[in-house]
Amino acid sequence: MLALLSEGPKYGLQLREEFEARTGEVWPLNVGQVYTTLQRLERDGLVESDPAEQDGPQKGFRITVPGAEELARWLRTPPDLASPPRDELVMKVLVALRVPGTDVRDVIQVHRRYLVELMQQWTRIKESEAESDMNLALVVDAELFRLDAVVRWLDAADGRIKRTAADAQEAKEAKEAKEAQEAKDATGATGATGATETASAAGPAPPSLPRRRRRAGAGR
């Protein structure tokens, strides 16, 4: 609202029409929202309106000096992106990981197909309408980049889940192989011990007889 009023005085309905036109007509604005916002801006001293006797749809509003300063500050203040937003799609994937009987990779593919269809729709709008409308072109580009980022996140999530499942299966097989080898080794050790015990039970081996030495001169 402040940006539109920085161009000159405007009334409520005019502000709504220009807002929708400047944003590529992809963000419809209720006229009630316009007047509520104008009342708040006027309360804060950022805009001023025509005298009270001119109340009605043609009541004009204009930006004040503090309003122009606030507009300049707002344009140069980065949005708060320090914390990730509470994204519904991210929440669904996280929940699907824990729901019994749910194939989370199937859930991911359902959403991925939907997003690809949306990207195709926006691309058609860009090709048919946005080339002659700078505002719409910028909005469409932003939306295409955003949807592409979400699709790439889904692809990354799908790959990570697949690798985690493969690693878990590999670890399980390695554990089972180790346990089988330990059981085999234990069986072999038991057999060797049994053989030793059997030999001991049979008694000591008979002593070997000494060899008789031939006497010198014997047989002469």
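Here are four short exercises on this predicted model, each with a worked solution.

Residue numbers start from 1 along each chain as its sequence is written. Because the model is predicted, local features need pLDDT of at least 70 and side-chain atom pairs count only at pLDDT 80 or more, while totals for chains, interfaces and linings use all residues; side-chain values use heavy atoms, with hydrogens and water left out.

**Exercise 1: the sheet**

Work out in which order the three strands sit, and which are the edge strands.

Step 1. Strands are DSSP runs (E, at least two residues) and helices are too (H or I, at least four), numbered from the N terminus. Two strands pair if DSSP finds at least two bridges between them.

Step 2. Take S1 (10–11) and S3 (residues 60–63): two bridges join them, and they run antiparallel. Tyr 11 has Gly 60 in S3 as its bridge partner.

Step 3. Now S2 (47–49): it pairs with S3 over three bridges, again in the antiparallel sense. Here Glu 48 is matched with Arg 62 in S3.

Step 4. Put together, the order is S1-S3-S2, in an open sheet. S1 and S2 are the edge strands, each pairing on one side only. As a rule, strands of a sheet pair through backbone hydrogen bonds, either parallel or antiparallel.

Step 5. Add the helix: H3 (31–43) lies across S2 and S3, at about 110 degrees to S2. (Axes are lines fitted to C-alpha atoms, for helices over the stretch in contact, and angles run from 0 to 180 degrees between N-to-C directions.)

**Exercise 2: Ser 49**

Decide whether Ser 49 is buried or exposed, and find what its side chain meets.

Step 1. Ser 49 belongs to strand S2.

Step 2. Buried means under 20% relative accessible area, exposed over 50%, and partly exposed in between (1.4 Å probe, protein chains only). Ser 49 comes out at 18%, so it counts as buried.

Step 3. Its side chain makes a polar contact of 2.6 Å with that of Glu 42. (That's a pair of N or O atoms within 3.5 Å; within protein, one must be able to donate a hydrogen and the other to accept it, and residues adjacent in sequence count only if both atoms are side-chain atoms.)

Step 4. Leaving out residues up to four places away in sequence, Ser 49 touches Glu 42, Lys 59, Gly 60, Phe 61 and Arg 62. Contact means heavy atoms within 4.5 Å.

**Exercise 3: helix H2**

Explain why the buried residues of H2 are on the same side.

Step 1. In H2 (residues 12–22), the buried residues are Gly 12, Leu 15 and Glu 18.

Step 2. They cover an arc of only 125 degrees around the axis, so they sit on the same side of H2. The arc is that of the directions from the helix axis to the C-beta atoms.

Step 3. What do they pack against? H1 (2–5), S1 and H3.

**Exercise 4: the cores**

Find which elements feed the largest nonpolar core.

Step 1. A nonpolar core is a set of buried Ala, Val, Leu, Ile, Met, Phe, Trp, Tyr and Cys residues joined through side-chain atoms within 4.5 Å. The largest one has 20 residues, and Val 104 and Leu 154 are among those with the most contacts inside it.

Step 2. H5 (88–96), H6 (104–128) and H7 (134–201) each give two or more residues to this core. H7 gives the most, with ten.

Step 3. Apart from this core lies another of 13 residues, including Leu 2 and Leu 38.
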